[in-house]
Protein chains: 2
Amino acid sequence: MQFTSEQRLDDVVYEREFTLDEIPGILWTPASASAPVPLILLGHPPLGLRRMYPRLVARARQSAAEGFATATIELPGSGDRPRWPAAEQARADLRRAMEAGEPVSDEIVDALILPLVDKAVPEWQAALDALLSLPEIGGPVGYSGGVISIGIRLAVVEPRIVAAGLFAGSFVPRAMFEEARQVTIPLHVLLQWDDEGNDRQAALDLFDAFSSEEKSLHANMGGHTGVPQFAGDAAARFFTRHLK
Amino acid sequence: MQFTSEQRLDDVVYEREFTLDEIPGILWTPASASAPVPLILLGHPPLGLRRMYPRLVARARQSAAEGFATATIELPGSGDRPRWPAAEQARADLRRAMEAGEPVSDEIVDALILPLVDKAVPEWQAALDALLSLPEIGGPVGYSGGVISIGIRLAVVEPRIVAAGLFAGSFVPRAMFEEARQVTIPLHVLLQWDDEGNDRQAALDLFDAFSSEEKSLHANMGGHTGVPQFAGDAAARFFTRHLK
């Protein structure tokens, strides 16, 4: 892990960009922490870190104010990272289906999401290795948001992640429902009830599939990107409850 | 409204029992309030105030600590209030169906709930008249919990109620779905996901039916009576957001 830039954004949060095996990432830490702090991995949709930066830094600032470090890495095939042909094909198929108003087939969803999960999850685990070796990062570790299938796989395979906040707002391959049954850590699942691009029933089925003894579904209005401020606050309290 | 007893329970909450047209009720106010406070009407299942008292006083204490007055009245046909034959018959039919493991018919649900709503709602409105005439009660007013159909009807017909926290844990007559479409105030709906005595799909359909621009569904584990403490805290924050 190599730090490539650092800056104190304000009195609350300190930002460092890094690369890890050529994957770009960002680490935010509380500007005033004196002891090692818990860590929240910030997931995001595959639109590129640069485009997602404003929303990520807002989440990072809120988390830093509550005493958490946060970190994120670029997803495979996003930002400046190399594309792979099958994913490009799947994205093109998805666009075509949506523009034609057709249902998005299981084949498209599988091609879009499954390789992304397979590639991304080991990278997030490697990032976790590197982040937890820093003296200012203690633990425990949570995972928050982004592509829900990545969150599910991480919750299953990565024992250092003790709680996850998931956003039920993206396509979920059927195979992930089986993995969801293996999830037992506390979950906080956000669903935008009136998210037209999202299959509400699939999101409810997925919530039902999780085996976690503590799981909460918070459904709100406001559309895909209109998560209310109070819903973000509730997710923050979930992490405070489980990581502090 | 006649007060029949009063006592300071502790440093937090002051309790007064009252009767209003022979209906028993309880009013709890913050022990240390200096100005008129907002009011939350505490709904409850039709099991009698005496039996519900421990849970009600716990909700009243939490609300008083946050600066709210709370009040409740006995439901028609509960506690020492006179039964009416049709309700007794409906309760017996319900018991029989549940003991036989049979589905509870629409007829039973209608007979059980609709007359209760028709009788109870004007009584809660009369209680509201009396409570708001007290100098220590200001407003705004919220309604919380209990028989969800009573909450729905109150949200439709009583403009002084500006926010409602509803518990999706009881039978809902089909006719109430139409009334739900007329609800436009902010709603916080609690659903116990693994509540075996409750029809989850009906609860989700009901949530969908509400026309409120702000509505949140919080689904948690723990069974019908096992609402987690953090879910109660979230409901309290909903009222703080809307009544303060």
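Trainee: What rotation and what shift along its axis superpose chain A on chain B?

Mentor: In this predicted model, a rotation of 180 degrees with 0.0 Å of shift along its axis brings chain A onto chain B, at an RMSD of 0.0 Å, where the copies are superposed by least squares on the C-alpha atoms of residues with pLDDT of at least 70 in both. That is the relation of a two-fold axis.

Trainee: Which residue of chain A comes closest to the rotation axis?

Mentor: That is A:His218, whose C-alpha lies 2.4 Å from the axis.

Trainee: Any conventions to keep in mind?

Mentor: Residues are numbered from 1 along each chain as its sequence is written, while chains are lettered from A and ligands numbered from 1 in the order in which they are written. Because the model is predicted, local features need pLDDT of at least 70 and side-chain atom pairs count only at pLDDT 80 or more, whereas totals for chains, interfaces and linings use all residues.

Trainee: OK, how many residues of each chain are in contact?

Mentor: The contact involves 13 residues of chain A and 13 residues of chain B, a contact meaning that the C-beta atoms, placed from the backbone, lie within 7 Å. On the chain A side, strand S9 (215-220) and helix H7 (229-243) are the elements that give two or more residues, helices (H or I, at least four residues) and strands (E, at least two) being DSSP runs numbered from the N terminus. The largest share, six residues, comes from S9(A).

Trainee: And do the copies meet through what surface?

Mentor: They meet through the same surface, because 100% of the interface residues of chain A are also interface residues in chain B.

Trainee: In which sense do the two S9 strands pair?

Mentor: S9(A) and S9(B), residues 215-220 of chain B, pair in the antiparallel sense over three bridges, at least two DSSP bridges being needed for strands to pair. A:Leu217 stands opposite B:Ala219 in S9(B).

Trainee: Switching topic, what does chain A hold in helices and strands?

Mentor: Chain A has seven helices and nine strands. Its C-alpha trace spans about 55 × 40 × 30 Å along the principal axes, and 43% of its 244 residues count as buried, which requires 20 or more other C-beta atoms, placed from the backbone, within 10 Å of a residue's own.

Trainee: How far apart in sequence are the contacts in chain A?

Mentor: Among contacts in chain A between residues at least 6 apart in sequence, 65% join residues at least 24 apart.

Notes: Two residues are in contact if their C-beta atoms, placed from the backbone, lie within 7 Å. A residue is buried if 20 or more other C-beta atoms lie within 10 Å of its own, exposed if 12 or fewer, and partly exposed in between; C-beta atoms are placed from the backbone.
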